[in-house]
Structures are given as structure tokens and as C-alpha cells.
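User: I have a model of a two-chain complex and would like to know what stands behind the words used to describe it. Please take me through the reasoning, term by term.

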Amino acid sequence: MKIPINWLQDYVKIEKSPKEIAESFTALGLMLDKPLGDGKVLDLEHRMDRSDWLSIIGCARDLAALENIPLKLPKGYGKVGKKATKDQQIPITVECDEVRRFTTRIFRGVQIKKSPKWLSERLLAYGLKSINNVVDITNYVMVEYGQPLHAQDLDKLPANELTWRNANQNEKLTTFLGTQLILDPSAFVISSGGKPIVLGGIIGGAETGVTDTTTDFILDSGNYDQRSIRTTSRKQHINNETVLRTDKFLDPRAVDLALSRATELILELAGGTYYDNSDYYPHPVKSKSMTLRLSRLHLLSGIDFTLVTAKKILTALDYVVVEQTSTKLTVEIPYFRTDVEVEDDLVADILRIYNYKNIPIAPLTTPVPTDITPAIYRFEDRLRDILASLGADEHITGSLVEKDEQGNRIILENALTREASALRLSLAENLASVLSTYQKHGVSNVVIFEIGITFSRDSLEPSFGSIHEHRNLTAMSNSDIRPILSSVMHELVISYDLTSDHNIVHNNQVIGTFNLQSFTLDTERSMSLSTSYQGVVSEYSHTTSIDISLTLSQPTNFDKIKPIIIKASKSLLMVEVLESKYPSLLLRLTWDENTEYLKEKAHILTLLLTKLAITSRSV
Amino acid sequence: MPMQNKITQIKSEYKQELEGINSLAKLEALRTKYLSKKHGLISTLMTSLQGLTLKDKKEIGPILNTLKKDIEESLSAKSNELDSQSQILDYDPTIPASPQHAGHLHPTTQIIREMNQFFRYHGFSVGEGPEIEEVEYNFRRLNLPEGHPATDLQDSLYIHEPNILLRTHTSSIETRILSTNTPPLRVVAPGKCYRNETNNSTNSSFFYQYQGFVVDKGITIQHLKDTLTKFHQFLFGDDVILRFRYKYYPEVSPGMGVDMQCRLCKGEGCSVCKYRGFIEVLGSGMIHSNTLRACGIDPEIYSGYAFGMGLDRLVMSKFGISDIRKLYGGEIVYK
């Protein structure tokens, strides 16, 4: 929102530099968005909730309250218009729901000419071109009060009536900028003699604008369904000063002030006679009140505001106090504050005008609550440290991938691109491309890992219950990953076996999967199996290892051989595969020194021979 | 006696020669000269013992043995000395070694850990929530009813319209935790969020946020200001200059924005801070009474504050990465 400073000064006589004024606005919630430049116009950021900040007066009001300066409002034209005869009136019919209010006035015998300098200069500083006095006034009042108005030349109306209705399918309307629009029934228009002449709340048509030849015109201001305007303006790619305001919820009562002000200026600058015409307002909005308890103000701010201070601030913001006790204020919410919903919004207004920089700081003093950090969070962090200590580098990759035909993959309904149209089923999908990027740049001998969420669904039925998130660790390398897996399991103190169908199992429970270059562990299952501390031995014990060289009579996976060895030996600590090249298999068996390991070794060899026809030659 | 004179002579000759030894090679030559079995001077003397009388043998023998022993010991000592000297000569303390390879944690993990450390110190738990969320937790309980512009369908990624989507902010973790726990609560929640954005160097369809909230009896905006002040000092240094201002967010009232003064231009305005002089860091406020109520907490008994910030810009600036796609696309290599 652009605020030309000399325009601002009409309503609030502030004697600060542009920089200081910008600082005040920033504190109020309107941050300076662009550099000050020559300091004549402030370009402020606008947030979506305050429609009154799209008006100079709305901004001036807040500034006046903050700076404790009186706000000076325009007089407006309070008198009722002349009574028009029946054939002088323009009948207004409303046939669509989107119009909440539509008020019109007629001006006859006006003189269209150039606007005075003060008017055109202000418009220009704001960023609007000067057209003629009447058109300029409608723009001026729109920027001043935040309520759009429109003027149409009576002689150019196709018929002596105006009808609000929804557009017909493919109905055409040419805007005053010369663009032809093709409409549909979701848009609503003013038509005259059946012809659409205005796209409601958005833009006027080419036919009926006020020009140098105009002598009589109809002025209107209305209140419309902002959601409909939002949809239509986006569809038609129209984004102008009117839409900026009408696509937000405005209060219908804003119409009165805007018309009054416009009337004042029109009579002053264009002369003529003013006649009331109509006011379609079937459901007048009643003002809302709200109560602010002093205790609530104290609770949220921690500051001992007095009732007097609270009242002063709210009154400066145009709240009207309707009831007052020693503990609370009941106020009528001003029509332009469509954002105030709850009592705490009044607290917000008071603190805002008090200025946040004046709020003291106070440390938390209530007792520290119970820790509710989930154990899995801590476990996964520990896993990260284990992997890093083994020399692996962590990556974080995106969850969105290209969709495919896998039945359990979750597809997005409104993805922007094909590359990001579904959710990943595994971490390996992305880690593989990280590795290939590395390889492209000549980085090899690297182990990477990610701990993250993967997603799957049970069925096509997209209910919340059939959608699953899984927590995984995946590690990947361009060489054999099994040493890393072994080290991780060793640190976690989880015994495991590898099966020929590529599962990692513990006591027959699957806790992960693997292939030569990557493995994936279910972190939740792993956590339940992992003890907290790696065992530390406080007394040295000596082990003895024997290497045995085996010859297989037929291809046999280690997962068939290991159980037999384990079963045959009571005190075996460890069996490792040193070399495996069919038909030879070289194993190292390790026992505690103080056991009958020779006996156990003999028993193992006997069983291997009888059960799997494996012969041996001790080394 | 000639024999004894010979021994004394050899002894003093050896002593002189030993002093001049400055290399292991010369030492070996000296050893050979005196102790070699065949032609060494000591061996030769030992042989010539045979021709002596028994009385002379008994007298000379031990002297010769002692000399042999002394020579052996002094050679050994000299050898050790030369060894350690050569080690000392080889040792150049000014040669640094190359770093050994270690694994690294991702920059975002590192920053999250640092932040968690700060908050754990202040009694916060770390909370989590699902990435696929219900509209109820992602919008409704955050005071964002249907039709609110912030819930525009085009901004969220839907699994199934209108109710199941990928969470658009970590605030959904807040509503979940508020709905399933009773106060007092102090929680921070880092997490991945998703929006329907086209990817470029500063925007990604997924990004990290860091959320925090406190709900207890008597929580005021002063507590919020205090926590945020200390947090910013932790992140950016004790000399950070902060600006607190009113800012609107649907899920809080009063809402508050926190900016920090641009270090480069000290508030004057430059390209880094988009000429504003300040850089927006995070949004915060007192949790909206509608939100507390929707989560089953009575706002007349409890009050609370909440804050949320985007993490990626901070991570990228701390690690010198300019493109968010590289941060999460595997195009970072750990040095």
C-alpha cells in the first residue's frame, strides 16, 4: 500500500521524518516494503487481514493512535440529496445473491474538467493516472476510504435501468481498457437493456464511462461477495485497485462514508445537483460489540494497564465504548474492522498501539514440564551418530518423486509437475541418484545414509487409516555395504541374520532389508531390540580362534550353514566368513580361551558333514 | 706386562674412535674391528691368552672380559643414541598431516541439534507429528476455517481432497500435541513441510520449519519476547539487534513478527536485506483462544505462546549454500 506522505498529513499532522514514520508503521503491522527513495511515498507491506489498511485514512488512524495525535477526518456531505421525480430516477433491480448492498446517487448538470493539482498530484504519487475530475474523485475516495466507487454516464446507458445479474455463458464484455472478457454464470454483472456494462466489483465497461462530454451521471458504491470476486478476478487475470479491495471482506456500512465524501468533492469540483436514487440493502449489518475484561488484558500482556489507558487507545481506534465497569469495557467494533473476532483481538490492538518495543521481557518461571520427547527421536539421533562415526555422510532428500505403477505408492491429487507427483516408497530411490551424482564428479569410496519417512498405502481407498508412514534408516555405498551394516548392528547390540531373500532378521522377525550395496532398517523395530549401552568389558578375557577350511558338495548359502554351527557349539562366541568362493568356504570360529573349544570344533565338523555333506580340512 | 699395556692401549684407542662415530654404518665397522669373531682385536687378544701362564691368565682374563663387555655395552648405547638422533633428525614438527576421513551429519541436522540444545536447556521437549495430515489439524484447529485465503487449494499438496494433505507447516504438530496432552507444555518441533510451489533456487516444494510453543498458567507476551530474545542471541550472537512488531497470523492473537537488523548495512538498507534494513526471522504470537479451545484446552485457565520459522534460509546462510535444491538434492559434498 503506497502512502504519499503529504496526503497522509491531511489526516494526521505528524512531524517526524519519513524514516521515523516508516518505523511507526512497521511497529503497527505495516512494514516498509521498499526503500524510502526520496521519502515522499511510503511503500508498505499489506497483510491480508486488515482491509482498512488499504485506505489512507485507515493507516492514518492507526498512526494517530500510536503517535497520540488527533485524527482529522474529511467533512463529507451530510445532507440528503434532492428528491428526484419518478422519471428522473434510474430503477435498480438486483437478481443475484452476490450483491449485499448497492447504493446509487445521481448528479445532473456537472462540468467535467481537469482535476485540480492537489488531486491529480496525490493520485499520481499513489500510482494512478488522472483522467477527469469525476473519475479522479472516485479513485481518490477509493484510496482515501478503501471503498471503491464507480461513475457511469447516464446518456450512455443502453437503457434507463440497471440490473444486477449473473452473466450468461460466453457473454462478452469489453472493459474500459479495451480488453474483451468472456464470462460465465459464476461472474456477476450490471446490465442495462440486457447488455452487460460492468463486471461486478472488478472493472467497468468501455461503453458507459464518464468522459469530457458527460453532463449527468450515476454514482454507485456497493458491497459484494468477496469470494466470488476473488475467483472471477483470478480467472479473468484482472488485478487492479478495485479488486485489491473487493476481494477481501468489506463492511457494507463503508458505502455511506465513501458516497458522502465523493458527493462533497463532486459538488465542489464539478458542480451540478445531487439526487438520491436508491439503496439496495436488504440485510443491514448490525454493529457488533465485544467486551474486554481488564483481567484478560493483564493475563496476556503481563502489564498493569488501567481501564483509562485501555479506553483511550480503543477510542482512538474508533471503537465506541457502550458500557464500562471497573473491570471491563464493552465496545462497538468499528465497521472497517472486519478482522476483529475475539476478545484477544482487542488486547492485540491495545498492545500494538502501546508499541511492542515497550513490552518488557520476563523469563519463564513455571516448573519445567515432563519431557514428552518420543524415544524414537532420541534413538534416530543416536543412529545418526553411529553412522557418522563409521565414516558415513548424512543426506536429506525430497519425499516427492515421479509417480509409477506400483500399487502401494501414494499419488498426489494436485501435483504441479510429474517429477513431484507421488511420495517415495523408499529412501534408496533418492540415495541412488545422490551416489550417481557423486560418481559423475569423481567422488567414490563413499558411504551415504538417510534417516527419514517413507510412505505407502494399503489400498486405493485413500482414507487416513490406509495410509502409512514408515521410519527408516537407509545406507548406501558403491561397494559392499555389509561391513557397515555389521558395525551398526554391533554398536546397537542387535544380533541378526541375513536371509537369501534379502531380509535382515532378528529371531525370525524382519527388521530390515538389504542388497549388496545398500541396507534399510526399520528404526522403530530396531529401537525395541537395542539395549542402551554397548557392552564394556572390565576384565580382559582371552579368546582363541580357529580357521576351518570347508568344501561344499553343492552350492549352500551361509544362512543354512550358520544355524548348524551355532547349534553344535555351546560356547562359540563368533563365526566369521573369511573367504567364500565355491566350492571353498573359509571360516573363523572364535571361543573364549577357557572352554572346550577343540571338542566343540570336532562336533561342528561332524555335523556339517552329516547334515550338509560339507567336508573340511582344518588349518 | 706387554699384554696389559696392549689392553690399556686398545681401551684408549677404542674410546677415541668411539667419540668419532656419527653413523650406524661407522658403528658397525667399529664393532667389526673390535668384536668380530675371526679378526676382531678383542678376539685376537682372547686367542693370545692361550700362550700365557695360568697366573697371567687368571689376572688378564677378567680384565679382558670386562673390556669386551664395556665395548659391547658402549656400542649398544651408541647405537641407541644414533637411532634416536636419526629419529629426531627425521622429525619435522612443522609438517601437518592430512585430516582423516570422518562421516558428517547433514547441515540441517546440525542446525536442528543446536536449536534443540538451546530449547532443551530451557525445559522444552522435542515433538513430532505425521507428514501426511488431516485438514482438521493442519487448518481448522489453527483458526483457519474453510474458505480462508490461507487455505487456498492451490497452495497445498493433497493426497485426497478435501481432507488429507501433506502438512503445509509444523503448526499441525502443535495442534496434535495440544490435542493429546494436558498442559503444562513446552515443545519444539522441527519438521519437513510441503507446499505447491515450483522449485527454484530459493523455493522448494518441501522445506524445513522449526516450531515451538508453551502452554501453561499465566503465560504472557513478555515470556514470548524473552524466549525469542534469548533464542536470537543464541543463533546470531549477543550483539544482535532485534525489532518486535505487530504481525498477523490466523493462529495467534496478538501476533508478533521478529526481525533482526541486517549485519551488513546496520539497518541502513542494502541488497542483502532487500533495502529494508532488517531481515525477517520468524513469526510468533499468543496462541489464539479458538485454537486452544479446539484442542480441548480452556483458554480461561491456560494461555500460551507459539513461534515458527523457516529453517532452510538459516542453514544455507550458515553453511554458504546458495541453492536450496542442492541442500536437499545430494549435491553437497562434505569436505
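Analyst: This is a predicted model. A starting point is A:Val401, which lies in strand S18 of chain A.

User: Why is A:Val401 called partly exposed?

Analyst: A residue is buried with 20 or more other C-beta atoms within 10 Å and exposed with 12 or fewer. A:Val401 has 18 C-beta neighbours inside 10 Å, so A:Val401 counts as partly exposed.

User: Which residues does A:Val401 touch, leaving out those up to four places away in sequence?

Analyst: A:Val401 touches A:Ala422, A:Arg424 and A:Glu429. A:Arg418 is 17 residues from A:Val401 in sequence, and the C-alpha atoms of the two are 8.2 Å apart.

User: Where is A:Glu419, and what makes it partly exposed?

Analyst: A:Glu419 sits in the loop between strand S18 (400-401) and strand S19 (422-423) of chain A. The partly exposed class lies between the limits of 12 and 20, and A:Glu419 has 14 other C-beta atoms within 10 Å, so A:Glu419 belongs to that class. The C-alpha atoms of A:Glu419 and A:Asn133 are separated by 55 Å, with these positions 286 residues apart along the chain.

User: How do you know that S17(A) and S20(A) are paired?

Analyst: Pairing requires at least two bridges between the strands. S17(A) and S20(A) have 2 bridges, in the parallel sense, so the pairing condition is met. In this pairing, A:Glu394 stands opposite A:Phe449 in S20(A).

User: How many bridges join S20(A) to S21(A), and in which sense do these strands run?

Analyst: S20(A) and S21(A) are joined by 11 bridges and run antiparallel. A:Glu450 stands opposite A:Thr474 in S21(A).

User: What makes S20(A) mostly covered?

Analyst: Of the 11 residues in S20(A), 8 are buried. Each of those 8 residues therefore has 20 or more other C-beta atoms within 10 Å of its own.

User: Why are S3 and S11 of chain A called edge strands?

Analyst: The sheet is open, has 5 strands with mixed pairing, and follows the order S3-S6-S9-S10-S11 in chain A. Strand S3 (92-94) and strand S11 (203-204) of chain A each have a single partner strand, so one side of each is left without a neighbour in the sheet. Elsewhere in this sheet, strand S6 (residues 162-166) and strand S9 (residues 188-192) of chain A pair in the antiparallel sense over 4 bridges. A:Asn166 has A:Phe188 in S9(A) as its bridge partner.

User: What is the strand order of the 7-strand sheet in chain B, and which strands are at its edges?

Analyst: The order in chain B is S1-S5-S6-S10-S9-S8-S7, in an open sheet with mixed pairing. S1 and strand S7 (242-246) of chain B are the edge strands, since each pairs on one side only. S7(B) pairs with strand S8 (residues 252-261) of chain B in the antiparallel sense over 5 bridges, and B:Tyr246 has B:Met256 in S8(B) as its bridge partner. A helix of the other chain, H11(A), packs on the sheet and touches S7, S8 and strand S9 (278-287) of chain B. The direction of H11(A) makes about 35° with that of S8(B).

User: How many residues of each chain are in contact with the other?

Analyst: The contact involves 71 residues of chain A and 66 residues of chain B. On the chain A side, H11(A) gives the largest share, 6 residues. That side divides into 42 nonpolar, 15 polar and 14 charged residues.

User: How do you know that chain B is not a compact globule?

Analyst: A compact globule of 335 residues would have a radius of gyration near 20 Å, whereas chain B has 41 Å. The C-alpha trace of chain B spans about 125 × 45 × 40 Å along its principal axes. Of the residues in chain B, 39% count as buried. Chain B has 11 helices and 10 strands.

User: What confidence does the predictor give to chain B and to the complex?

Analyst: Chain B averages a pLDDT of 90, and 98% of the residues score at least 70. Within chain B, helix H4 (residues 54-90) has the lowest mean, 85, and strand S1 (residues 125-126) the highest, 98. For the complex, the ipTM is 0.87 and the pTM is 0.83.

Notes. Residues numbered from 1 in each chain as written. Chains lettered and ligands numbered in written order. Predicted model: local features only at pLDDT ≥ 70, side-chain atom pairs only at ≥ 80, totals over all residues. Contact = placed C-beta atoms within 7 Å. Nonpolar A, V, L, I, M, F, W, Y, C, P; charged D, E, K, R; others polar. pLDDT = per-residue confidence, 0-100. Rg over C-alpha atoms; globule rule 2.2 N^0.38 Å. Axes fitted to C-alpha atoms, helices over the stretch in contact; angles between N-to-C directions.
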